[in-house]
Amino acid sequence: MKTTGNTILIAGGTSGIGLALARRLHEAGNKVIVAGRRRRLLDEIAAEHGIEGELLDVTDESSIRRLFETVTAEHPQLNAVIAVAGIMRFEQVLDRDSLDIAERTVATNVLGPIRLVHAFAPFLTRQPDAAILTVTSGLAYVPLAGAPTYSATKAAVHAYTEALREQLRDTSVQVIEIAPPLVRTDLNGEATNNDRAMPLDEYVDETMRLLESQPDAAQILVDRVKPMRFAEADGTYDKVFAALAGR
Ligand SMILES: NC(=O)c1ccc[n+]([C@@H]2O[C@H](COP(=O)([O-])OP(=O)(O)OC[C@H]3O[C@@H](n4cnc5c(N)ncnc54)[C@H](OP(=O)(O)O)[C@@H]3O)[C@@H](O)[C@H]2O)c1
């Protein structure tokens with residue numbers, strides 16, 4: 001994808017990786033619109049960075065429909081959508097409340113991007129140069145035992161993205177998977193906001209460099225995620241899985 005001159009919607013851009021990408025893409029000469037549930041953050045982002053915001057709850061089909069109507073009416077040149085919105089919670093299957101966590105995780109992380117694709121893909125195919133970007137995780141490739149549903153949602157989005165790319169092969173829409181490693185954000189409290197996690201600035205620097213230097217890339221993989229991404233192929237899967245599980 002080209003990294004300047006786009007009109008980009010970042011669904012899930014009020015904090016963390018989505019916001020950091022929004023700021024970089026805005027600075028790089030793109031029109032950026034961020035969307036999320038927290039109105040206070042949308043207002044702050046507009047005031048501090050001059051980036052427009054829209055309310056969005058990806059678990060609500062009508063909210064996605066409204067977002068589509070508003071954004072395409074106000075920005076008919078929209079040519080890229082980044083589906084970043086996601087939640088991560090630890091679950092213990094023997095705990096009663098873990099089913100609720102699992103269901104909310106699927107609704108946000110799997111149904112969210114699928115609904116976004118259904119809402120925006122037909123419009124994007126009418127643009128001369130378009131892109132859909134999904135956000136998976138290293139955990140799509142080696143699951144974290146403490147977060148089984150989260151890991152499964154990311155594996156699902158990986159598979160969905162591969163199939164989507166093939167379906168849109170003969171259209172103007174490029175389909176890109178961004179698979180981050182552990183990155184320092186508030187996604188899962190101290191489990192992601194810690195010293196072992198890649199600093200957010202470094203992560204977004206490397207991601208922007210990859211987007212710029214590999215305009216045809218199917219996947220954006222910073223070096224830190226490669227041991228997980230290629231564990232199965234490298235024969236290190238069992239070792240990496242056990243290490244993640246803490247044994
Ligand atoms: N940090 C990591 O280690 C890591 C690693 C691999 C992959 N990822 C993925 O990267 C993405 C961004 O996560 P992050 O680390 O940047 O965490 P974050 O700061 O918590 O960002 C999550 C974003 O998703 C939005 N979101 C959550 N539920 C939503 C909903 N129902 N509707 C609309 N927006 C929603 C949040 O906005 P509102 O709360 O305002 O709605 C927020 O902007 C996620 O998909 C995550 O799985 C993160």
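This text walks through a predicted model, from a central strand to the ligand and then to one helix residue.

Start with strand β1, residues 7-11. Five of its five residues are buried, so β1 is largely enclosed by the rest of the structure. Buried here means under 20% relative accessible area. In a regular strand, side chains alternate between the two faces of the sheet. Look at the directions in β1. Thr7, Leu9 and Ala11 point one way. Ile8 and Ile10 point the other way. Both sets are buried.

Next, the strands that pair with β1. One of them is β2, residues 31-36. β1 and β2 run in the parallel sense, and five bridges link them. Within this pairing, Thr7 stands opposite Lys31 of β2. The chain gets from β1 to β2 by way of α1. That β-α-β crossover is right-handed. Strand β4, residues 80-83, also pairs with β1. Again the sense is parallel, this time over four bridges. Here Leu9 is the residue of β1 that faces Val81 in β4.

Now turn to the ligand. A shell of 30 residues surrounds it. The closest are Ile17, Arg37, Val84, Tyr150 and Thr185. Two helices, α1 (16-27) and α5 (148-167), each supply at least two residues of this shell. So helix α1 appears twice in the picture: the chain passes through α1 between β1 and β2, and α1 contributes to the ligand shell. Sorted by class, the shell holds 13 nonpolar, 13 polar and four charged residues.

Consider the polar contacts next. Arg37 places a polar side-chain atom 2.7 Å from an oxygen atom of the ligand. For Arg38, an N or O atom of the side chain is 2.9 Å from a ligand oxygen. Gly12 uses its backbone instead: an N or O atom there lies 3.3 Å from an oxygen atom of the ligand. How much of the ligand does the protein cover? On its own, the ligand has 870 Å² of accessible area, and the protein covers 96% of that.

Finish at helix α2, residues 39-49, which contains Ala46. Is Ala46 buried, partly exposed or exposed? Its relative accessibility is 36%, so Ala46 counts as partly exposed. The residues of β1, by comparison, are buried. Ala46 can also be placed relative to Ile33. The two are 13 residues apart in sequence. In space, their C-alpha atoms are 9.6 Å apart.

Key:
Residues are numbered from 1 along each chain as its sequence is written. This is a predicted model: local features need pLDDT of at least 70, side-chain atom pairs count only at pLDDT 80 or more; totals for chains, interfaces and linings use all residues. Side-chain values use heavy atoms; hydrogens and water are left out. A residue is near a molecule or strand if one of its heavy atoms lies within 4 Å of it. A polar contact is a pair of N or O atoms within 3.5 Å; within protein, one must be able to donate a hydrogen and the other to accept it, and residues adjacent in sequence count only if both atoms are side-chain atoms. Accessible areas come from the Shrake-Rupley method with a 1.4 Å probe; for residues, only the protein chains shown count as cover. Ala, Val, Leu, Ile, Met, Phe, Trp, Tyr, Cys and Pro count as nonpolar, Asp, Glu, Lys and Arg as charged, and the others, Gly among them, as polar. Buried means under 20% relative accessible area, exposed over 50%, partly exposed in between (1.4 Å probe, protein chains only). Two strands pair if DSSP finds at least two bridges between them. A crossover is right-handed if, with the strands pointing away from the viewer, the path from the first strand over the helix to the second runs clockwise.
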